[in-house]
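Reader: I would like to go through this model chain by chain. Short answers, please.

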Amino acid sequence: MKTVKSQFKFKGGVHPDYNKELAREQPIEKIPLPAELVISMSQHLGAPAKCVVKAGDFVRRGQVVGEKNGFISVCVRTSADGKVKAIEKRLGPAGGKADAIILDTTAKPEGEVAEASGPILEPLDWRTASREDLLKRVEEAGICGMGGAGFPTNVKLNPPPGKRCEYLILNGAECEPYLTADYRLMLERAPRIRLGVEIMRKILGGPAVRIAIEANKPEAIKAMETAFADIDGNVEIVVLPVLYPQGSEKHQIFATVGRVVPEPPALPIDVGCVVENVGTVAAIADAVELGEPLLERVTTVSGGAVAQPKNVLAPCGTKYSDLIAFCGGEKEPVAKLISGGTMMGFAVSTPEISTTKTTSGLLLLPNSKAYQYVSQACINCGRCVRACPMNLNAAEIAKAVESDDIKGAEDAHVMTCIECGACSFSCPAYRPITQFCRRAKNSIRARIAAEKAKAAAAAKK
Amino acid sequence: MILVGAVLVNNFVLNRFLGCCPFLGVSKKMDTALGMSGAVVFVMTIAAAVTWCIDHWLLTPNGLGYIHTLAFILVIASLVQFIDIAMKRFLPPLHAALGIFLPLITTNCAVLGAAEINCKQGTGFLESVFFSFAAAIGFGFALVLFSGIREKLAHADPPRCFRGIAIALVTGGLLSLAFMGFSGLVKLPY
Amino acid sequence: MKPKETAAHYILSSSPHTHSNSSVSRIMLDVLLALLPTTAVGIWFFGLPAVWTIATCVATCIVTEALCRLAMGRDNTIGDLSAVVTGLLLALNLPAGIPLWMAVVGSVFAIGVAKQVFGGIGMNPFNPALAARAFMLISFTGPMTTWLKPLWWKTPDAVTTATPLACMKGMFAADATAHATPHAAAKALEQIPCLWDLLIGNMPGCIGEVSAIALAIGAAYLLVRKVITWHIPVAFIATVVVYSLIAGGAPAYAQVLTGGVMIGACFMATDYVTSPTTAKGKLVFGFGCGLLCMLIRQFGSYPEGCSFAILIMNAVSPLINRWTQPKPFGAK
Amino acid sequence: MTIAIVCIAGVGLVAAIVLAIADKYLSVKEDPRIGMVTAALPGANCGGCGFPGCDGYARALVAGTAPNGACAAGGDACAAEIAKILGVEAAATEKRVALVKCCGTRSEAIRVGDYNGICDCNVAAMTAGGDKGCTYGCLGYGACANVCPKNAISIHDGLARVDKRLCIGCGKCVAICPKKVIELVPASATIHVLCNNPDKGPAVRKVCGVGCMGCHLCEKNSGGKEAGHFTFEGFLAKVNYANPPTDAQIVAKCPAKCMAEDAHFESGN
């Protein structure tokens with residue numbers, strides 16, 4: 001085990017104000033169980049889970065309420081005891097609608113139902129358990145990537161035949177402004193993370209381990225050094241320079257091991273790497289050793305307008321309004337409510353939306369911090385091109401999309417865009433470049449889907 | 001010298017203002033501009049060779065210098081037709097891209113202009129062919145430059161009344177202005 | 001039956017939700033600040049006429065911009081200061097003694113024809129100030145090449161004079177025949193001001209192009225503020241130096257320090273809108289500017305090729321852009 | 001003079017022979033029907049069909065990749081002629097036009113946030129599901145108006161409206177709308193339900209003053225369920241366009257005010 005400095009620097013990147021001091025020193029606090037939870041069936045990337053309970057049912061904490069629905073999908077378990085009030089389509093933070101269970105946690109079970117006791121799943125000893133058992137446990141615990149995208153973890157940990165994982169990279173960069181959830185996790189639950197790493201190493205067939213942490217988190221680096229001090233095998237802590245988007249999967253792989261993931265549809269496993277967020281790793285440790293599925297997560301509640309910024313451990317499905325109330329409410333009027341960080345998070349329209357497995361932060365921005373687009377003409381200054389970590393000509397893409405030339409945007413490799421926001425961040429004309437890219441990607445995806453459907457229909461004929 | 005002169009200094013489009021129709025018509029996309037340039041280079045070079053032969057061996061000996069314009073039009077028109085057919089057969093994508101503009105070369109004053117200038121200068125065969133070739137390169141150069149600007153202008157947002165060809169003309173004028181800087185670079189006899 | 005508005009009413013926008021605080025007007029302000037030294041030196045050497053020319057150009061540009069936007073029914077864009085920059089740059093590229101009405105015509109051309117017709121800031125294919133200068137050079141050749149002698153207001157006997165450039169032009173030819181008539185070359189060399197004068201700007205020329213030191217200070221400021229990158233100025237000047245070393249004629253330092261090379265390389269060619277986006281493209285662009293500038297200086301009929309060279313490269317920059325697209329991270 | 005005539009004639013003759021030979025040996029065999037179909041089309045090259053010019057559409061027709069009847073300029077007569085050339089029956093279709101099934105104007109439907117970004121429905125819908133309280137309704141950012149080849153759609157008071165006379169029923173707006181609020185309906189139908197929200201009455205009322213609550217009054221007033229003028233999806237009434245209602249009375253009787261008699265905005269009126 002040793003600590004090394006990152007040898008590779010990717011091109012581009014920006015330096016937003018991190019504003020982490022707001023919540024950095026706040027220990028993780030557990031929120032009292034809210035009276036109502038809204039548990040979405042779509043908390044992960046891929047097909048939403050299939051709801052298997054109905055209104056009026058009484059469910060026990062940890063019970064499967066949504067079944068895995070396809071290969072890229074995970075199951076959903078209820079985060080608390082309670083009675084299903086209704087199943088409705090609810091708006092998620094990203095703007096999509098999905099079935100959600102409205103759970104009344106104050107309801108008492110009818111009749112004589114035995115008190116739930118003991119662990120939800122049978123605890124496993126990872127040393128003796130088989131690789132398949134461990135993988136199955138990750139799957140049935142409903143674990144997905146907790147960094148933001150929510151990719152099903154069991155799929156990631158099970159590389160397709162012919163591909164081998166050489167490096168397991170732990171993402172502790174947390175480069176999003178304001179967010180400190182992963183940081184607190186690394187400080188407070190370092191042994192858990194170590195246990196998770198050992199389990200994952202076993203599942204993946206003993207890859208080398210790289211723990212990537214940005215240089216501005218010396219305490220976290222120290223905590224990791226202590227926790228991993230006596231681990232054997234090829235394990236390194238890689239200290240990354242402070243640069244957004246250091247937490248992006250592709251850039252982290254480059255910064256830690258110097259490998260470049262080719263353009264989509266290539267995945268990190270194609271260059272022998274698996275990247276997991278530290279939160280996910282801790283969740284795996286819990287699922288295996290304690291038999292505790294992924295039912296709650298740490299969410300940073302911060303931003304200038306919240307009274308007491310906190311790192312809250314809250315059950316998945318907690319409404320934003322409950323989180324805000326737990327953090328002392330609003331200090332000043334909120335201009336923008338953001339689910340996630342300021343660079344890639346989603347602005348939401350109402351605090352009635354609830355958290356998911358991927359909600360890493362909830363930011364309440366006052367008017368002074370909520371910048372608005374005014375969108376002047378592009379002056380071709382090239383700042384976005386220099387800032388783009390994917391080395392795209394963002395200005396060109398934005399101009400093409402602005403004049404409805406989606407084909408032109410596609411030719412400029414818009415599909416490679418990771419929507420990190422560095423372009424819009426650095427644009428002196430305040431152009432919503434990232435949004436232009438999103439628009440292009442959206443219509444290209446729609447077109448490809450339409451073409452596929454057409455081809456499928458033709459094949460049927 | 002002829003090359004530099006014809007490409008930069010006495011550029012057909014930007015200085016002699018010959019061939020403005022395809023200059024404006026085919027310059028919206030760079031790919032078509034490149035194809036068109038190729039076609040013009042090809043047509044102009046061959047046309048120069050053919051017209052030189054006709055002028056020297058058919059018209060001048062018979063004292064028919066006064067009808068050479070007529071004869072040239074005839075020859076160039078058939079030549080373009082021939083290229084049109086050949087291209088459709090051998091290079092269908094290019095043909096599809098050039099579409100309506102290929103027959104336009106038929107009446108392209110640049111082609112005829114080059115032949116006329118050759119005639120007036122009384123230059124030798126090789127020199128004539130080379131001059132036409134150079135002039136066509138110059139035409140193509142201007143066309144490609146212009147198409148680059150127009151592709152950029154496609155994302156611009158000019159006032160409504162200036163959209164389309166109006167703005168292209170303004171741009172062409174400014175480009176011509178810039179090319180004035182080359183004047184005197186090569187002292188050509190014509 | 002109208003439903004009540006909910007209490008919370010947030011701003012909904014796509015990420016990112018934070019910004020670097022850079023802005024167009026701040027960039028333009030930086031350019032203006034960077035031009036301050038050279039403006040001051042120009043006014044010192046050329047006196048009141050320089051003040052009037054600058055004031056006229058800037059004022060006309062602002063008014064034209066406002067009127068154009070009004071006529072088009074679009075937002076007023078004076079606030080982004082780009083019109084002020086255009087006006088100042090145009091004025092700095094004019095001889096101090098030019099009749100003011102010509103300065104007005106040039107400014108109207110710059111904003112009206114070269115910029116707003118295309119839709120305003122960011123859309124123009126050619127640098128407005130340079131397009132206007134080229135337009136004026138062709139339309140008003142006489143006044144545009146009549147130079148005030150520096151510090152003429154101190155020694156009022158000889159007011160106008162020739163620029164060193166005109167002398168240097170002869171030197172290309174003189175150099176070729178230097179063996180036959182060594183005196184001609186030596187005589188031409190004598191007419192070039194000494195290095196110190198070239199650096200501080202004690203020579204006839206346009207208001208803003210004379211003082212290399214002042215321009216270098218401005219360029220350094222822009223580089224430090226990261227408004228421009230080093231690529232274009234360095235490629236431009238290096239090409240001029242290499243060319244003059246190879247082709248002979250006037251010494252390389254004189255080629256760089258006279259005429260519009262310094263202001264062109266640092267302020268005109270680096271105009272964002274009309275130059276390529278990528279570093280590679282910028283190098284090609286700078287090289288092209290330098291090469292064309294020297295070609296025109298040596299062979300062309302105008303003594304100065306800098307503005308034409310940049311204008312032509314402006315036209316080429318979409319092509320350069322097309323061929324120097326950045327390669328996406330991970331692309332083959 | 002004679003020489004001149006002979007010369008020109010000679011040159012012309014040689015050229016003609018060369019061209020004739022070229023035409024014979026180098027010409028490309030094309031499906032003759034392409035030429036015939038092109039001739040049958042109006043030749044306006046308007047692009048309304050979505051193909052590059054009439055020739056492009058003709059090629060697609062002959063290749064079987066395009067539906068007949070997409071040419072609005074040529075109309076039914078043209079379609080019939082093309083059908084004859086291609087040897088297929090012309091689909092006897094009634095003219096269909098786009099209908100925006102929403103009447104929640106800015107004053108009626110609440111907005112839950114201040115949208116700030118690109119003026120396009122699809123990206124607006126990606127931003128917190130859009131700024132409209134009703135997540136089914138028209139956002140009014142004009143994605144449909146942008147794709148309409150006939151400029152038949154315009155935005156009024158935060159709502160897209162279709163000009164029935166200009167609409168050619170190409171369906172591009174239907175495809176692009178993120179809220180799926182646009183439907184192609186028979187041009188002859190005059191009574192429409194202008195709502196797309198299948199939620200329960202109180203939920204609809206919370207976000208829109210003119211949303212359908214699923215009260216079934218329109219059905220009752222038009223002769224009951226047996227008459228079959230309406231179908232219901234959740235708490236949303238839908239006109240059965242196979243058997244549309246004709247009695248304008250029901251429009252006035254709709255308590256939610258979400259029905260309209262000929263809802264198509266006509267430009268100039």
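Reader: How many helices and strands make up the secondary structure of chain C?

Author: This is a predicted model. In chain C, both kinds of element occur. The count is 15 helices and three strands.

Reader: What percentage of the residues in chain C is buried?

Author: Chain C has 332 residues. A residue is buried if 20 or more other C-beta atoms lie within 10 Å of its own. By that cut-off, the buried part of chain C is 59%.

Reader: In chain C, what share of the contacts with a separation of 6 or more joins residues 24 or more positions apart?

Author: Take the contacts in chain C with a separation of 6 or more. Those between residues 24 or more positions apart account for 74%.

Reader: How many residues does each domain of chain C bring to the contact between them?

Author: Chain C is divided into domain 1, residues 24-144, and domain 2, residues 155-320. Domain 2 of chain C gives 30 residues to the contact. From domain 1 of chain C come 33 residues.

Reader: Which helix supplies the largest share of the side of domain 1 of chain C that touches domain 2 of chain C?

Author: Four helices of chain C each supply at least two residues of that side: α1 (24-46), α2 (48-72), α3 (82-92) and α5 (128-139). By character, the residues of that side divide into 23 nonpolar, eight polar and two charged. The largest share is 13 residues, and the helix that supplies them is α1(C).

Reader: Turn to chain A. Are the faces of β13(A) covered or open?

Author: Strand β13 of chain A spans residues 273-277, and five of its five residues are buried. On one side, C273(A), V275(A) and N277(A) are buried. On the other, V274(A) and E276(A) are buried. Both faces are covered.

Reader: In which sense do β10(A) and β13(A) pair?

Author: Strand β10 of chain A covers residues 167-172. L168(A) stands opposite V274(A) in β13(A). The two strands share five bridges, and the sense is parallel.

Reader: Now chain B. Why does S128(B) count as buried?

Author: S128(B) sits in helix α8 of chain B, residues 125-153. Beyond its neighbours within four places in sequence, S128(B) is in contact with A48(B), W52(B), N118(B) and T123(B). The cut-off for a buried residue is 20 or more other C-beta atoms within 10 Å. S128(B) counts as buried because its C-beta neighbours inside 10 Å number 24.

Reader: How far apart in space are S128(B) and Q81(B), C-alpha to C-alpha?

Author: In sequence, S128(B) and Q81(B) are 47 residues apart. In space, C-alpha to C-alpha, the distance is 23 Å.

Technical notes. Residues are numbered from 1 along each chain as its sequence is written. Chains are lettered from A and ligands numbered from 1 in the order in which they are written. This is a predicted model: local features need pLDDT of at least 70, side-chain atom pairs count only at pLDDT 80 or more; totals for chains, interfaces and linings use all residues. A residue is buried if 20 or more other C-beta atoms lie within 10 Å of its own, exposed if 12 or fewer, and partly exposed in between; C-beta atoms are placed from the backbone. Two strands pair if DSSP finds at least two bridges between them. Domain bounds come from an automatic or database domain assignment. Two residues are in contact if their C-beta atoms, placed from the backbone, lie within 7 Å. Ala, Val, Leu, Ile, Met, Phe, Trp, Tyr, Cys and Pro count as nonpolar, Asp, Glu, Lys and Arg as charged, and the others, Gly among them, as polar.
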